[in-house]
Amino acid sequence: MALAPQFAGHRLGSALAPNTIEIYLDYVCPFSAKIYKKLREQFWQLTEEKYPDKFQVIFRQQVQPWHASSTLVHEAALAVERINSQKFFPFSDALFAHQAEYFDEAVEEKTRRQLIDQLSTLASSVGVSGEEVKGLLSNGTGEPKNAGNKLSNDLKLAIRLGRQNGIHVSPTVLFNGIRDDSVSSSWEIKQWDDYLKSKL
């Protein structure tokens, strides 16, 4: 499964694995958090132990624009990945662990700059320069160009991938490029195991 170079940190497993599971997640969606938690704590370990080299998992970012902070939080993850692709998943761990801090009510009275400071501090907690993250998230060049920031094009690409695949909500799972609506955020590890067995 082709993966744009700037998204290299989004993959778990080998690009040569014969099966690809793409999981579209939004950092401020509680259902996304449930799937992500299972992915990180149990699912990927199970995959490596019982089905070595059979699957790769790709975290696809699905921005939900009706949540005020969603775009910026996703940009922060892209910023961390650009600085150090090995920190994408640790930073994603931190974002989901602090998810409620980016809910609509929590950010209602915060400025964009305050949120950038908050996200930069979180990036520092996983060993990424907060100042570099701030630099990537800052809009414009001082001129009134309305050009977004250094991550805007990467975020547009991530959003376009979802739209091309008919993804409208998170979480959504694709197996070998085909949307699979049978997957549920409430699954326990046995159901994930049964799912993997059924795909081999």
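At 45% relative accessibility, does Lys-50 count as buried, partly exposed or exposed? Lys-50 counts as partly exposed. Keep in mind that this is a predicted model, and let's look at who Lys-50 pairs with.

**Salt bridges across the chain**

Lys-50 and Asp-193 meet through their side chains in a salt bridge, 2.8 Å from N to O. Since Asp-193 sits in helix 8 (residues 189-199) and Lys-50 in helix 1 (residues 30-50), the pair ties together parts that are 143 residues apart in sequence. The Asp-193 end is buried, with a relative accessible area of 12%, whereas the Lys-50 end is partly exposed.

That pair has company: searching the whole structure turns up 13 salt bridges. Another one joins Glu-75 and Arg-112, where the closest N and O atoms are 3.6 Å apart. This pair also links distant parts of the chain, with Glu-75 in helix 2 (residues 70-83) and Arg-112 in helix 5 (residues 112-124), 37 residues apart. Here Glu-75 is buried at a relative accessible area of 6%, and Arg-112 is partly exposed at 32%. There is also a network: Asp-117, Glu-131 and Lys-134 are joined into one by salt bridges that share partners.

Then there's Arg-60 with Glu-22, whose closest N and O atoms are 2.9 Å apart. Arg-60 lies in strand 3 and Glu-22 in strand 2 (residues 19-25), so this salt bridge ties together parts that are 38 residues apart in sequence. Both of these residues are buried.

Here are the three pairs side by side:

| Pair | N to O distance |
|---|---|
| Asp-193 and Lys-50 | 2.8 Å |
| Arg-60 and Glu-22 | 2.9 Å |
| Glu-75 and Arg-112 | 3.6 Å |

**The cavity**

Arg-60 turns up again in the cavity lining. How many cavities of 30 Å³ or more are there? The count comes to one. The largest cavity has a volume of about 50 Å³, and its lining is made up of Phe-7, His-10, Phe-59, Arg-60, Gln-61, Ala-158 and Leu-161. Two elements give two or more residues to that lining, namely strand 3 (55-61) and helix 7 (152-164).

Which element gives the most to the lining? Strand 3 does, with three residues. By residue type, the lining splits into four nonpolar, two polar and one charged.

So strand 3 is a good place to finish: Arg-60 of strand 3 pairs with Glu-22 of strand 2, and Arg-60 is also among the residues lining the largest cavity.

Note on methods: Residues are numbered from 1 along each chain as its sequence is written. This is a predicted model: local features need pLDDT of at least 70, side-chain atom pairs count only at pLDDT 80 or more; totals for chains, interfaces and linings use all residues. Side-chain values use heavy atoms; hydrogens and water are left out. On a 1 Å grid over the protein atoms alone, a cavity is a set of points where a 1.4 Å probe fits but cannot get out, and a pocket is an open set with protein on both sides within 12 Å along at least five of seven lines; lining residues have an atom within 4 Å of a point. Grid points are joined across faces, edges and corners, and a volume is the space filled by probe spheres set on the points. Helices (H or I, at least four residues) and strands (E, at least two) are DSSP runs, numbered from the N terminus. Ala, Val, Leu, Ile, Met, Phe, Trp, Tyr, Cys and Pro count as nonpolar, Asp, Glu, Lys and Arg as charged, and the others, Gly among them, as polar. A salt bridge is a side-chain nitrogen of Lys or Arg within 4 Å of a carboxyl oxygen of Asp or Glu. Buried means under 20% relative accessible area, exposed over 50%, partly exposed in between (1.4 Å probe, protein chains only).
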